[in-house]
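The following exercises concern ligand shells, strand pairing and a pocket lining. Please work through each task before reading its solution.

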Amino acid sequence: MKEYPTKFGFSVSHTTRAPREKEIDGVHYHFTERSKIEEEISEGKFLEFAHVHGNVYGTSIEAVESVTDEGKRCILDIDVQGARSVRASSLEAIFIFVCPPSFEELEKRLRARGTETEEQIQKRLRNARAELDQSNSPGLFDHLLVNDDLEACYENLKKLLSLDDDHEDSNDSFIKDGKETACYSILSKTNSEFLLQSETNEAEKGTTNLLSLHLSSLSGGAPGRTRGLKISSVN
Ligand SMILES: Nc1ncnc2c1ncn2[C@@H]1O[C@H](COP(=O)(O)OP(=O)(O)OP(=O)(O)O)[C@@H](O)[C@H]1O
Ligand SMILES: Nc1nc2c(ncn2[C@@H]2O[C@H](COP(=O)(O)O)[C@@H](O)[C@H]2O)c(=O)[nH]1
């Protein structure tokens, strides 16, 4: 996200877990009481939730909307149960299972973090084994990423997302299946509409070179369900 601040945003989850020393409420998590999150879940405010390592964790609709409202793709860091819930919804998403290079290494990392008791470490290791067992459940994850060397893992993530040749400061382009399909610049912008002009000569190819994006079509509704950007050609 640091490399692509305008493309991606993080969904700040709610959790009943106690904050770790450097964790900030509202940044790393929304730290909350169990009774409060349970009430909000029953009010339909959550896209998904799960009981993980003895605590409740959940993604609120508001957390996702605050990212998508800025026109960014939303990143969720959720457990396997949460992934199943999102997979079962109508949200369009890419599911990546991130795993440690070995259990020994995971144990070493958890101990080095120094934030869990021995009992909690054992619980997290048991849960990690169960999650790894489910990582190849048919139709659940699209990719598996081994988090050995952090930099190498990040480079592989960018490859999966076809971001490896893409830079934040380059022209925005529409990438589909790794192929550049069209490139547009903003001609005019109002509160309700963006007028875009093709930078490639689409007119010569018999397609439109002026597009209108209707921003009002983005407001309201659960994320990804009722939303879709309405686009119409101008010429
Ligand atoms: N590539 C890496 N190299 C070294 N340490 C790492 C690497 N990736 C993560 N860590 C460290 O390992 C610890 C556990 O990582 P993380 O919290 O991401 O695990 P997790 O898979 O979410 O596990 P859990 O579900 O138990 O939280 C953290 O202290 C993190 O900083
Ligand atoms: N289903 C969900 N799982 C979540 C969410 N936020 C975090 N998590 C997962 O919980 C564990 C533990 O996290 P930690 O911060 O206590 O180490 C980890 O696997 C996260 O992916 C959520 O909103 N929903």
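Conventions come first, followed by four exercises with solutions.

The model is predicted, so local features need pLDDT of at least 70 and side-chain atom pairs count only at pLDDT 80 or more, while totals for chains, interfaces and linings use all residues. Residues are numbered from 1 along each chain as its sequence is written, chains are lettered from A and ligands numbered from 1 in the order in which they are written, and side-chain values use heavy atoms, with hydrogens and water left out.

**Exercise 1. Describe the shell around ligand 1 and its polar contacts.**

Step 1. Collect the residues near the ligand (one heavy atom within 4 Å of it). They are His 53, Arg 109, Arg 113, Arg 124, Asn 147, Asp 148 and Leu 150.

Step 2. Sort them by class (Ala, Val, Leu, Ile, Met, Phe, Trp, Tyr, Cys and Pro nonpolar; Asp, Glu, Lys and Arg charged; the others, Gly among them, polar). The shell of ligand 1 comprises 1 nonpolar, 2 polar and 4 charged residues.

Step 3. Look for polar contacts to side chains (pairs of N or O atoms within 3.5 Å). Oxygen atoms of ligand 1 lie 2.8 Å from a polar side-chain atom of Arg 113 and 2.8 Å from an N or O atom in the side chain of Arg 124. A nitrogen atom of the ligand is 2.7 Å from a side-chain N or O atom of Asn 147.

Step 4. Evaluate the cover by accessible area (Shrake-Rupley method, 1.4 Å probe). On its own ligand 1 has 630 Å², of which the protein covers 55%.

**Exercise 2. Carry out the analysis for ligand 2.**

Step 1. There are 16 residues around ligand 2, and Ser 13, Arg 17, Tyr 29, Tyr 57 and Asp 77 come nearest. By class, 5 are nonpolar, 5 polar and 6 charged.

Step 2. Oxygen atoms of ligand 2 are 2.6 Å from a polar side-chain atom of Arg 17, 2.7 Å from a side-chain N or O atom of Asp 77 and 2.9 Å from a polar side-chain atom of Arg 124. The protein covers 89% of the 520 Å² that this ligand has on its own.

Step 3. Assign elements (DSSP runs: helices, H or I, of at least four residues; strands, E, of at least two; numbered from the N terminus). Strands S4 (46–52) and S5 (55–60) each supply at least two shell residues.

**Exercise 3. In what order do the strands of the open sheet lie?**

Step 1. Establish which strands pair (at least two DSSP bridges between them). The order of the 4 strands is S3-S2-S5-S4, with mixed pairing.

Step 2. The edge strands, each pairing on one side only, are S3 (30–31) and S4.

Step 3. S4 and S5 run antiparallel and are joined by 6 bridges; His 51 stands opposite Val 56 in S5.

**Exercise 4. Which residues line the second largest pocket closest to its centre?**

Step 1. Define the pocket: on a 1 Å grid over the protein atoms alone, an open set of points where a 1.4 Å probe fits, with protein on both sides within 12 Å along at least five of seven lines; lining residues have an atom within 4 Å of a point.

Step 2. Of its 14 lining residues, Arg 17, Asn 55, Glu 116, Gln 120 and Arg 124 are the closest to the centre.

Step 3. Helix H5 (118–134) and S5 each give two or more lining residues, with the largest share, 4 residues, coming from H5. The lining divides into 3 nonpolar, 5 polar and 6 charged residues.

Technical notes:
A polar contact is a pair of N or O atoms within 3.5 Å; within protein, one must be able to donate a hydrogen and the other to accept it, and residues adjacent in sequence count only if both atoms are side-chain atoms.
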